[in-house]
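Thanks for making the time this morning. I would like to take you through one sheet in one chain, and then turn to confidence and to the contact between the chains. Please have the model open as we go.

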Amino acid sequence: MTAQPRPVALLAAAPSFDLDRVLAGIDTMAAQKPVAAQIVSVANSDDTSARVLADILAADVALASRVMKLANSAYFGMRGRVTTLQFAVTVVGFTTVRTMATVALTDLDDESRLPENFWASTTSVALAASLLATRFGERPQDTLCLGLLAQVGVALLHHNDPDGYRELLAQESSFPGRRAAEVRRYGISGMRLTGVALEQWGFPHSMVGPLTVVDDRSSSDGALLRVAFEVAARLTEPGYEAVDVAQLTDGQLREDAVGPVLEQVAQGAEELRRAMLDN
Amino acid sequence: MTAIPTAIADPRVAPEIVSSVFYGAAVSTSLALLVAETVGGEPRITWGNEGAMHLLGYALEDLRDLPVAHLLPSLRGGELKLLLRRERTARMNLPFRTASGVFTECVVLCTPTPTGRMWNLRIVSADNEQERALRATADVHERRFATLTERSPVPTLLSEQGMRLAHVNDAFCSLVGLQSEQLLGTGWMACIHPDDLDGVIEQVAVVLGGGDGEAQARLLQRDGGERRTVIRFAHLFTPGVGAGFVASIEDITERLAFETRLAHQANHDPLTGLPNRTLLAEHVAARFVRGQAGLACLFLDLDNFKVVNDSLGHAAGDELLVEVADRLRAVVRPGDLVARFGGDEFVVVCEDVDEDDAVTLAERIGAALAEPVRLGGVDVRPHASVGVTVQADEHACADDLIRDCDIAMYQAKDGGKGRITVLDHHARAQARDKLRLVADLRDAIERRDIALQYQPIFATADGISTAVESLARWQHAERGPISPTTFVPLAEESGLIGALGSLVLDETCRQLAEWDRLLGADAPRRANVNVSALQLDANLLPLVVAALSGHGLAPGRLSIEITESALMKDPDSARTVLQQLRDLGVQLAIDDFGTGYSSLAYLRHLPVDCLKVDRSFVAEIAEGHTEITTAVIALAGSLGLSTVAEGVETPELAAELTRLGATYLQGFGLAVPMSGAGAAAWYAQRASPPGSAVPGPRAPLP
């Protein structure tokens, strides 16, 4: 009897995949989109002002209009009152501007080059993280951005191995399962790759740190992101079997707090997706 | 010490310099350096400086050959590649495992050598004391701020981005009755009344731009309640993050309700709850546009309200007013205003109507009011006289319109009770003219432009005049002389009689005192002053006392003349006032005696000294009818009173009246009224030759 190779075994390694090439790509991206790269590098320095960022942003019409669109979106509740780029930067905050520049830098704004449902799950993770941030002593703005960028690494893996990643996705629908499969196939999880990229671009370690410990249930630093992925999974994965958030957070959060968050995320995710992208 | 790898030696740099730099790096304790190399397919440490040994706790011998993965266990699987890049420098935050097994958080900067076979790792502990201290201070600040707002009884919001809240305190949660999870982000926007939200966002926009601001907003509570609040915003800037705001909320619901109550009280009648005169004026003024039509006022005055008040009591009167107010409210069209003008007067204001519509409404009101109302066990049918005015071109302002419907109401009243009258323009002109005259009269009294003239009164016994009657005269600048028969009733109607009476009393006393100085014993001994029925109250005595004492006169120098009809209005009260004056020593005379309906019984009890026979009876003497004058003189004589015959026009009449027994005579035939100075000259002239028994007619002196 001939043993059939298991799919996992098939995914265990991707000889054609070169992590060095992926990592090198992170550097070349910056060269291709200098405005976005400049925003990424200066946005969070202490002496940055809305005027400085707006002046830089003005050179990239697509990115600037996206920031304006986001500032006037329901997420910030300003109802069309944001009419200048500088005020838009003030409203969305510097970290968000930096996040949007990162999105542009990594081609995340082109949905055709991303895994299926990438933005639906990304905005859900981001909104959930932002809504629960204060429960975990975090700043909502930072956690929104972390959520938006958490899957940058996934996108990078997908860019470099579209067919392989699609196959991986088909076999592992849950977030943690997918991360494990990524490690098996690429030697690194998408989330870990995100951490490397963000750190390389100078995002603060306090923001990047949770990415490395998201699958370590004993780590309280990863708890918020774990819950955010749990909320996103409940909303975006058909037939998903919910995990008790108390287990995910070592009792820091209870199930009864999740209801209103699920509701708000369900309402706001699509709007946020539209604001982040051009269409 | 390990030899310097020649590969990194730059041929342009002298070996001594390279050696010197390496030595400095090797012994530095503030700088931790490691060199790694792939040995046997695995990256291993090949060298470390003093700083690295100090930081990680290893001796150089133990460090050498140590797999990099052992120092950095968090880089699992192929993740070491992330740090040990061949093409570029990598920077990562990583926990290092020290010799004791304890982890220390570090930032590591990994630079590959040009050959790509070795890496230089520069390690900085992320856990240094300065950073810890800074973080601790920041944490303390944040905790203080959180404690301050969390426990503050003032509802407080904190946004870090746009309208998105990062914090709400318990006080805000309990104000709106929601949990903080429902309010964070933009959730709180649902608590703001939709009509107020734009104003709030407007202010937030200003505040995020760097200013301060406040907005009034209604907050919706979970239980359906609503609170009126002032939200005060302050700009909040976090370096490297952006702008937000802190907002504190003041609940002003109770204060506004109180102010509204006060405003309502100021503009409404407490009895009926209807708008009062002030609000009526504002309401009409707000709708009045000169030259337009369609605005109408209906002025209602209840007929016989005084009867209800007097017979059934004030409580019943109030009940009636409330009932009338309710009926008016029910009968007018939506949007019409019903106001209580005062007393038993109401005004209805309607828009977009013509005269026919207004009259129809007035009729409807009349019908609604006529339904019986039971008061104190009695069925009363209220009726009202209604004056109607529709705005026309001649109305210059809102007040004109209200004034005209008032006039129309008086016209209705004059025509008989329970009538509806649309303003007659002629009557309006008359009424307006009267209003102007009242204003002029008020000015004349204030400026003491009312002049007094004095007509001598003669004793029949010796023909000598020792008394005068003060007569008020008003010379109007444009209209010429105005008769007292016009301006005295006008003063009575318009509440000016007190001031006029006071002026006459005071001026008469002043004149008497002046005559005393000029004429000595020849000055008139007494002056008669007319007093209106309306002055016959408790104020009269102090007024008389003040006038006399003000000019140093004895009470006997004054005689107060009161008409017979005035005395009969309220005989008991009149008697009290007269008695006080009499007790003071002032003389009292009944003027125009015989023209009213005196009760002889009362007359006997009234403390008077003199009856003045009305000029109409005196005039009858010339026609041969002496009956009434004879009877009056006889009546006075039997009561011990003196008499003054007025209107003595001829010497014959004077002789006849003397014959009939009149005590004193007064009339144009004897002496005309004169100014104070004229009278002084007249008395001075009369004093020199002894007078005849019956005075003859004389020409007036200036």
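Let me start with a single pair: B:L298 has B:V348, in strand 13 of chain B, as its bridge partner. Before going on, I should say that this is a predicted model, in which local features need pLDDT of at least 70 and side-chain atom pairs count only at pLDDT 80 or more, while totals for chains, interfaces and linings use all residues. Residues are numbered from 1 along each chain as its sequence is written, and chains are lettered from A and ligands numbered from 1 in the order in which they are written.

That pair belongs to the antiparallel pairing of strand 11 and strand 13 of chain B, which extends over six bridges; strands here are DSSP runs of E of at least two residues, helices are runs of H or I of at least four, both numbered from the N terminus, and two strands pair if DSSP finds at least two bridges between them. Strand 11 of chain B is also joined to strand 16 (residues 384-390) of chain B, antiparallel, by seven bridges, and there B:D301 has B:S385 as its bridge partner.

How many residues of strand 11 of chain B are buried? Seven of its seven residues, 296-302, are buried, meaning that 20 or more other C-beta atoms, placed from the backbone, lie within 10 Å of a residue's own (12 or fewer would make it exposed, and anything in between partly exposed). In a regular strand the side chains alternate between the two faces of the sheet. Here both faces are covered, with B:A296, B:L298, B:L300 and B:L302 on one side and B:C297, B:F299 and B:D301 on the other.

Stepping back, the open sheet of chain B has five strands in the order 12-13-11-16-17, with mixed pairing. Strand 12 (337-342) and strand 17 (420-422) of chain B each have a single partner strand, so one side of each is left without a neighbour in the sheet. Strand 12 of chain B runs antiparallel to strand 13 (residues 345-350) of chain B, joined by five bridges, and B:R340 is partnered with B:F346.

As for confidence, chain B has a mean pLDDT (the predictor's confidence in each residue, from 0 to 100) of 87, with 93% of its residues at 70 or more. For the complex, the predictor gives an ipTM of 0.78 and a pTM of 0.55.

Finally, the contact between the chains takes 35 residues from chain B and 42 residues from chain A, where contact means C-beta atoms, placed from the backbone, within 7 Å.

Terms used: Contact = placed C-beta atoms within 7 Å.
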